[in-house]
Amino acid sequence: MYSRPLNKIPEKIVHNGKIHFGSYQGVTDRLDIRGVRAPFAGVPIGRLFSNFRIKSKIIYSFCYEKYAGIVEFFDDKAFGLAEVSLWNRETNQKYSYHTFMGPRKRFVPTNTKEAACTSFSKSRYIKISWSRKHKHVKLSFVVKGDRFRPAFKGKFYSPFDIENSSGSDSDGVLFVNPAPTTQRCSATWILPLEILGGVGTAPHRKQITCLPEAKGLGLLLINRTYLKVHSTNEIMFGLFQSEDKRISFSFSNTNQDSIDDDTYNNNVLSVNGQITAMPPVKITHPFGINGKWVIQDTENMVDLSFFPVTVSSRTVNIIVMRNMEKTIFGNFEGILMSKDGEKITLKNCPGIVKKSMLRL
């Protein structure tokens with residue numbers, strides 16, 4: 001059976017120009033990949049230019065009784081984008097709100113100890129914060145409605161324990177992968193979450209006076225990478241809770257995946273907080289985007305089908321950037337296997353998929 005051990009975290013991801021590739025239990029104090037020597041074709045260029053090609057993002061996916069959603073920040077250094085997408089699980093109706101953020105020194109912080117990423121727009125206030133000192137992650141947002149969409153307000157709180165010396169996986173995992181060669185790297189921190197909170201809605205945001213409170217699951221992903229000029233990405237999140245199991249997983253395919261993807265990839269499965277680094281998978285949609293998707297590996301640990309319920313498309317053009325994106329809400333069915341050999345059967349597992357083509 002496929003096995004990829006989670007090693008002890010290094011002091012720094014990049015030290016004296018050398019990248020510490022690997023899969024690690026826990027996370028470094030800074031998610032910083034600057035300082036790589038000659039990351040582009042081995043040609044030594046100015047650090048200012050090479051650092052400018054480092055792009056960052058935060059993705060917070062969540063699911064509870066009534067709503068599933070995904071909140072994303074993208075940091076281009078020159079500008080930032082923030083988006084909130086929500087699906088009413090009873091009606092399958094989607095609501096999406098995005099905002100553009102002007103120049104700022106840094107949108108997505110490198111500090112993993114205690115930091116926040118915030119959109120301060122009056123009509124799109126969005127904030128994701130974390131504190132490993134106080135052992136929590138928070139999400140809050142207030143988005144203004146219009147004649148086509150209602151206003152939404154949401155708050156979620158997630159406590160977690162960071163004492164990795166006890167063998168706990170609760171501080172998440174760090175993947176440092178070639179992107180796609182060893183001259184460049186991509187660093188991803190993934191943290192499974194139990195969430196407490198809720199989402200309220202009304203025609204006007206000032207009419208939302210209280211929020212329902214329920215338990216659910218979430219997944220926080222923070223990534224920094226030396227991004228190609230043209231990049232493609234498919235990433236999927238599944239969040240499922242049964243009577244005795246809390247299951248969350250993430251699988252992805254990109255054109256920046258490592259050449260040796262058996263050793264280096266970002267695929268992960270969490271069962272009751274115990275994390276398994278998963279093998280590479282092949283994501284196909286032989287019946288079209290709106291039809292059945294197939295997600296499989298060669299190690300018999302992943303055999304899933306994804307059935308889209310709602311598919312939405314969006315194209316963003318901002319001077320030097322063009323992003324064509326599809327966001328899909330649906331359900332997973334199939335079988336996953338953990339590192340302990342436990343087979344997990346999924347049926348009607350809520351899932352979110354983002355498929356994008358980015359030119360930057």
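Contact here means heavy atoms within 4.5 Å. The structure on display is a predicted model, and the tour below proceeds from one residue to the sheet around it, then to the cores and the cavity.

**Val 302**

Select Val 302 first; this residue belongs to strand E22, which covers residues 302–318. Val 302 has a relative accessible area of 2% and therefore counts as buried, the limit being under 20%. Next, display its surroundings. Beyond the neighbours within four places in sequence, Val 302 is in contact with Phe 251, Met 278, Val 281, Ile 295, Gln 296, Asp 297, Ile 335 and Leu 336. Then add Pro 279, which lies 23 residues away along the chain from Val 302. The C-alpha atoms of the two residues are 8.3 Å apart.

**The sheet**

Switch to a cartoon representation and follow the open sheet of 9 strands, in which the pairing is antiparallel. Read across it, the order is E19-E18-E17-E16-E24-E23-E22-E21-E20. Strand E19 (274–277) and strand E20 (282–284) form the edges, each pairing on one side only. From one strand to the next, the twist averages 20 degrees.

Now isolate strand E16 (residues 230–241) and strand E24 (residues 343–359), an antiparallel pair joined over 9 bridges. To inspect one position of this pair, select Ile 235, whose bridge partner in E24 is Lys 354.

**The nonpolar cores**

Select Tyr 60, Phe 62 and Phe 73, the residues with the most contacts inside the largest nonpolar core, a set of 49 residues. Strand E14 (residues 185–202) supplies the largest share of this core, namely 7 residues. A second core, separate from that one, has 26 residues, among them Leu 269, Ile 295, Phe 332 and Leu 336. Of these, Ile 295 and Leu 336 were already encountered as contacts of Val 302.

**The cavity**

How many cavities of 30 Å³ or more does a search of the whole structure find? The search finds 1. The largest cavity holds about 40 Å³ of space. To locate it, select its lining: Phe 62, Cys 63, Ala 68, Phe 237, Gly 238, Leu 239, Phe 329, Pro 350, Gly 351 and Ile 352. Two or more lining residues come from each of strand E5 (54–63), E16 and E24. The tour thus returns to the E16 and E24 pair, and Phe 62 of the lining is also one of the residues with the most contacts inside the largest core.

How values were computed
Residues numbered from 1 in each chain as written. Predicted model: local features only at pLDDT ≥ 70, side-chain atom pairs only at ≥ 80, totals over all residues. Heavy atoms only, no water. Helix = DSSP H or I, 4+ residues; strand = E, 2+ residues; numbered from the N terminus. Buried < 20%, exposed > 50% of the residue type's maximum accessible area, 1.4 Å probe, protein only. Core = buried A, V, L, I, M, F, W, Y, C linked by side-chain atoms within 4.5 Å. Pairing = 2+ DSSP bridges. Axes fitted to C-alpha atoms, helices over the stretch in contact; angles between N-to-C directions. 1 Å grid on protein atoms, 1.4 Å probe; cavity = no way out; pocket = protein on both sides within 12 Å on 5 of 7 lines; lining within 4 Å. Points joined across faces, edges and corners; volume = space filled by probe spheres on them.
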